[in-house]
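Colleague: I am new to this structure and would be grateful for a close look at a single part of it. Would you please describe the largest cavity and its surroundings?

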Amino acid sequence: MTLSPWQTYSVADLRRIMADRAVSSEEVARTYLDRIDRFDRAGSPPLNSIVDIDRAAIEHARARDRERAAGRVRGPLHGIPFVVKTNIAATGLPATAGNRGLASYRPRTDAAVIRELRAAGAIVLASANMSEFAWHGTFTESSIRGITANIFDTARSAGGSSGGSAVAVAAGFAPISLGTDSCGSVVGPAVHAGLVGFRPSGGAVGRSGVIPLSPSQDVVGPIGRTVRDIAEFADVMTGGRHSWLAGVAETDLAKLTATFLTWPFDTPSGHSAPRDHDDRSARLRALADHTIDTLTREFRLRRTELPELDAAFARDVLTDSGWTDARDSIDLFLERTPARYEPAAGARPGSRPTFADLLTATALDRDTAAAWLAAPPIPNPAHDMALAKQRAGRRALTELLTRRGVDVLIYPTSPDIAHPGWAGTAAAGIASNTGAPSVQVPIGEVAGLPVGLTVTAAPGRDTRALAVAAALEAVVTNAVRPPRIGS
């Protein structure tokens, strides 16, 4: 059955047909909004990828059409709609972070990334569902929209925490979306939706206006259909400070050295493995081996082993922040961010929400909520020690790659296909715990569900990761296609 074109259009495709005047930005936006209305909450269970619609989207699209007619095109994203994760402030939409108590919480200014994208002519279409407060990385469930289903099999998990952002693109509700990634929350949902996901280096993208989870690990990143799309989108959302797309074209892959990490294939996936797990694992490994062999041969990418970077090194040296700063960072955001907010009945007029207030109705598990509430104020010695260890891990990874002459690491994005209640990642901590960039690329399907490889470079070397990811994309012969939704 032929896939709906709206599930295949890349940003580049839409730019071309709008430039040819075959379709207007208004027509594109209306089509996406109609698809959301018709299909997002249909079915049992529904996809549940979208939270709120920006009612000004059509007005903005008309404005971009008028500018085009007058000969003014702001840039490569002029008139292109996108979906934004609901923890990223976009005026016209509530910033809920997936929490029911924030249903009426509307920041008065755009997040930095949204401001850059709007200035470049892109159009905010809607907000996407997410794991509440971006916590869960293996499924997407919020108290404001419920569970986001996997588009390939709605009985299975879509991954998290940016599950809504990924499913919205795969379903043809937008050509590209924004997510946030604290530990695999962009690349994970991307692989389980058969899409490309980009986690930029820590600090490379402005986080102003983004409800935090852990400031030392939070990054905003795009999810789309091609490496070109996400590199271009990331360039624009950072105000063109990095020129990643141009850097990809200029990179000579024959001068780079890659290490293919195979131990993540054996990483426990956090669920009880069915009896056919070993067969799936073998098929994933064979597909990945073939893809890597083709990549290194066709692009003359040098390959070397890196035995020092094993599972123990990733676990013990490349550590996370300890997740002890969630309550403090969320409370600080709510305190300092100008916003319109209608508190629950009985609350003091003009009051601001606090994290403790918001936990009265939450999808967070009880133990996590209790641990966050019990965390002492920051700064505190335990948190300082966790951050110091994390910085040491970042230095250790950079020094190891430099000493061994390794430019990129390649490894399975997930050790297994999606399952009910679980769709996670294999070794996302390598990047998220160090601030390194990573790019997920789909390479095919196993048992009818998508699988992929992640390319990671040293912190600050985003262009290298994107360039190798683009080459990886080019050697994949069997494109991953989601089930058809609409026409």
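Modeller: Helices, of at least four residues, and strands, of at least two, are DSSP runs numbered from the N terminus. The model is a predicted one. In these terms, helix H15 (429–432) and strand S15 each supply at least two residues of the lining of the largest cavity. That lining comprises 15 residues, and those nearest the centre of the cavity are Gly184, Val187, Tyr411, Ala428 and Ser438. The space inside amounts to about 70 Å³. Over the whole structure, a search finds 2 cavities of 30 Å³ or more.

The surroundings may be described next, beginning with the sheet. Strand S15 (449–457) is crossed by helix H16, which runs at about 145° to S15 and also lies across S8, S13 (408–412) and S14 (438–446). These strands belong to an open sheet of 11 strands with mixed pairing, in which the order includes the stretch S8-S14-S15-S13. At the edges of the sheet are S1 (50–53) and S11 (302–303), each of which pairs on one side only. Strand S8 (residues 196–199) pairs with S9 (residues 219–224) in the antiparallel sense, over 2 bridges; Val196 has Gly224 in S9 as its bridge partner.

The nonpolar core comes last. The largest one has 104 residues, of which Phe82, Ile114 and Leu178 touch the most other members. Helix H16 (residues 462–475) gives the most to this core, namely 8 residues. Another core, of 21 residues, lies apart from it and has Leu102, Trp323, Ala326 and Leu334 among its members.

Conventions
Residues are numbered from 1 along each chain as its sequence is written. This is a predicted model: local features need pLDDT of at least 70, side-chain atom pairs count only at pLDDT 80 or more; totals for chains, interfaces and linings use all residues. Side-chain values use heavy atoms; hydrogens and water are left out. A nonpolar core is a set of buried Ala, Val, Leu, Ile, Met, Phe, Trp, Tyr and Cys residues joined through side-chain atoms within 4.5 Å. Buried means under 20% relative accessible area, exposed over 50%, partly exposed in between (1.4 Å probe, protein chains only). Two strands pair if DSSP finds at least two bridges between them. Contact means heavy atoms within 4.5 Å. Axes are lines fitted to C-alpha atoms, for helices over the stretch in contact, and angles run from 0 to 180 degrees between N-to-C directions. On a 1 Å grid over the protein atoms alone, a cavity is a set of points where a 1.4 Å probe fits but cannot get out, and a pocket is an open set with protein on both sides within 12 Å along at least five of seven lines; lining residues have an atom within 4 Å of a point. Grid points are joined across faces, edges and corners, and a volume is the space filled by probe spheres set on the points.
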